[in-house]
Amino acid sequence: MDQLQQEVDPVEVGLDPVALDRLDRFFARRVDDGLLPGYLVSVARHGRVAHLTSYGLRDREAGIPVTADTVWRLYSMTKPVASVAALMLHEEGLLDLDDPVSRHLPAFADPQVYERGAGDDLRTRPAEGPVLVRHLLTHTAGMTIGAYRTHPVDSLYLAAGIETTAPKDADLAEACEVYAGLPLQFEPGTEWNYSLATDVVGRLIEVVTGRPLDAFLSERVFAPLGMTDTGFWVSGERADRLAVLYQENEDGGIAPIPGPPVHERPRLLSCVSGLVGTARDYHRFMEFLRRRGELDGVRLLSPETVDTMTANHLPTDLHSFGSKPIHGQPGNAGLGFSVVVDADRTESPESEGSYGWSGAGGTTFWVDPRNDLTVQLMTQVRPAGMLSFHELKGFVSEALGS
C-alpha cells in the first residue's frame, strides 16, 4: 500500500522551513496541552509534498500513534467529492445545473417557503421558483439544519428527527423525501445557508445513473484517482487504522465519543458527512483539483469545469442567512467549495482564488492555484472550532513569504 510521504525539501519549492517548523510546534502544543489527540498536516507545492508531519495519537486510550495511513472521518470534506461526481454527470449531459431538482426527484415539485409564525402558527407560501441543482451545490436552496435552532423552520427539522444529519434509520432516498416535505427558509437562490443540500445531490447521482451512490463513487471517482482507502465504511485492516473520534468535555479537555457508525455499510450514504479516508487519498483528490481535472493521465473533468466549480457563484452582497458565515470563507461559494474572492474583506490569510472545505471532525483542506499549493490537516476532535484553521493558514502564508 502506498503512503503519503515527503518528496522534496521545502526550500526547493520556495517554502520557508522556519515557518513550517512554527506550524508544527503550534499544533504539537495543542496535543501536549490535551486539546488535540494527534494530527497530520501536509503541504505540497508544484505537485510534490514538501512538508509532512504527524504527531500525537490516533487512539489515546490504546496509545496508538497517528501514522501516514491513519483513516479519518472526513465529515463535510465529503461534499467536494460528491460535487465533483455531480459535475461529471453534468459534463455527460445527465444533470444540468439549471435543472429543477423536481425533474429527477418529484417530491421537490411544489416547494413551500416560510412566511411567518412559529410552531402551530407557522405559515408558508408557494415558492416563486423551483429549487435548482445549482442551488443545492451553492447552499442557496433554502434548506437548513435543525441544530441551528435559530429559526422556526429549524424546529420543524428537529421535529422530523433532523439535527445535524438525516432522520434516524433513513436511507438517502427516504431522507430526501423528508427534506422535500419541509418548508424552505427563503426563496431559492436569494440567500445562503449551510445545510443538508448535498445529501440531495447524492440522491440525484443515484437517480440519474441508476447506481447506488457508493458503487458510483467507487467506480467513477475513487478507483480512477487511486483513492484506495476512501469510502463510506471501513472493514478488515482498514478498521484497525481508523482514528478515534474525540469531543471537548466540560473540563476543557477531550474525551472519546462513538461518532456515526462506519464499521459496516451504513443505511444512509451521506454526501453531507459520510466518507472516511486517508491523507494520501485526499492528497490525490487535491492534486486532481490542482491539475484541473486530471491525475496520472486520467481525466474526470475538463479544466473549464473545474474552473467553474472553484469560482465564486454568489454575489458579494448576498445575505448569509441568520448571519452564519459560509463554511470556511464568509460570503463566497463555488459549486461544492468555499472560495476566497476578497481576502481583505474576509480577513483570510489565503490567496485570492484559493478554494477548499473543512469537516466537523477537525479536517480541512485547500487548493491555492496562485501559489500552486495544496494543504490538508487531519485530526479527529469535535467541535472543529477548537482547532485553529486560521493559524494554520497563517503559517502556510508565512512559509510562502506572503
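Is Arg 25 buried, partly exposed or exposed, and what is its relative accessibility? In this predicted model, Arg 25 counts as partly exposed because its relative accessibility is 42%, a value that lies between the 20% limit for buried residues and the 50% limit for exposed ones.

The side chain of Arg 25 takes part in a salt bridge with the side chain of Asp 21, with a distance of 2.9 Å from N to O. Both residues belong to helix H1, which spans residues 17-32; because they are 4 residues apart there, about one helical turn separates them. Asp 21 is likewise described as partly exposed, its relative accessible area being 36%.

Helix H1 also contains Arg 22, and this residue leads to another part of the chain. The side chain of Arg 22 forms a salt bridge with that of Glu 398, at 2.5 Å from N to O. Glu 398 is located in helix H12, residues 389-400, so that this pair links distant parts of the chain, 376 residues apart. Arg 22 has a relative accessibility of 31% and therefore counts as partly exposed. Glu 398, with a relative accessible area of 37%, is partly exposed as well.

A general principle applies to such pairs: side chains of opposite charge can pair when their charged atoms come close. In total, the structure holds 23 salt bridges.

Some of these interactions are joined to one another. Asp 69, Asp 229, Glu 237, Arg 238 and Arg 241 are linked in a network of salt bridges. Within this group, the side chains of Glu 237 and Arg 241 meet at a distance of 2.8 Å, N to O. The two partners of this salt bridge may be set side by side with regard to accessibility. Glu 237 is partly exposed, with a relative accessible area of 47%, whereas Arg 241 counts as buried because its relative accessibility is 4%.

A further buried residue introduces contacts of another kind. Asn 193 has a relative accessibility of 1% and therefore counts as buried. Its place in the chain is the loop between helix H5, residues 172-180, and helix H6, residues 197-209. The side chain of Asn 193 makes a polar contact with the side chain of Gln 185, at 3.1 Å. In addition, a polar atom of the Asn 193 side chain lies 3.1 Å from the backbone oxygen of Met 143.

Conventions: Residues are numbered from 1 along each chain as its sequence is written. This is a predicted model: local features need pLDDT of at least 70, side-chain atom pairs count only at pLDDT 80 or more; totals for chains, interfaces and linings use all residues. Side-chain values use heavy atoms; hydrogens and water are left out. Helices (H or I, at least four residues) and strands (E, at least two) are DSSP runs, numbered from the N terminus. Buried means under 20% relative accessible area, exposed over 50%, partly exposed in between (1.4 Å probe, protein chains only). A polar contact is a pair of N or O atoms within 3.5 Å; within protein, one must be able to donate a hydrogen and the other to accept it, and residues adjacent in sequence count only if both atoms are side-chain atoms. A salt bridge is a side-chain nitrogen of Lys or Arg within 4 Å of a carboxyl oxygen of Asp or Glu.
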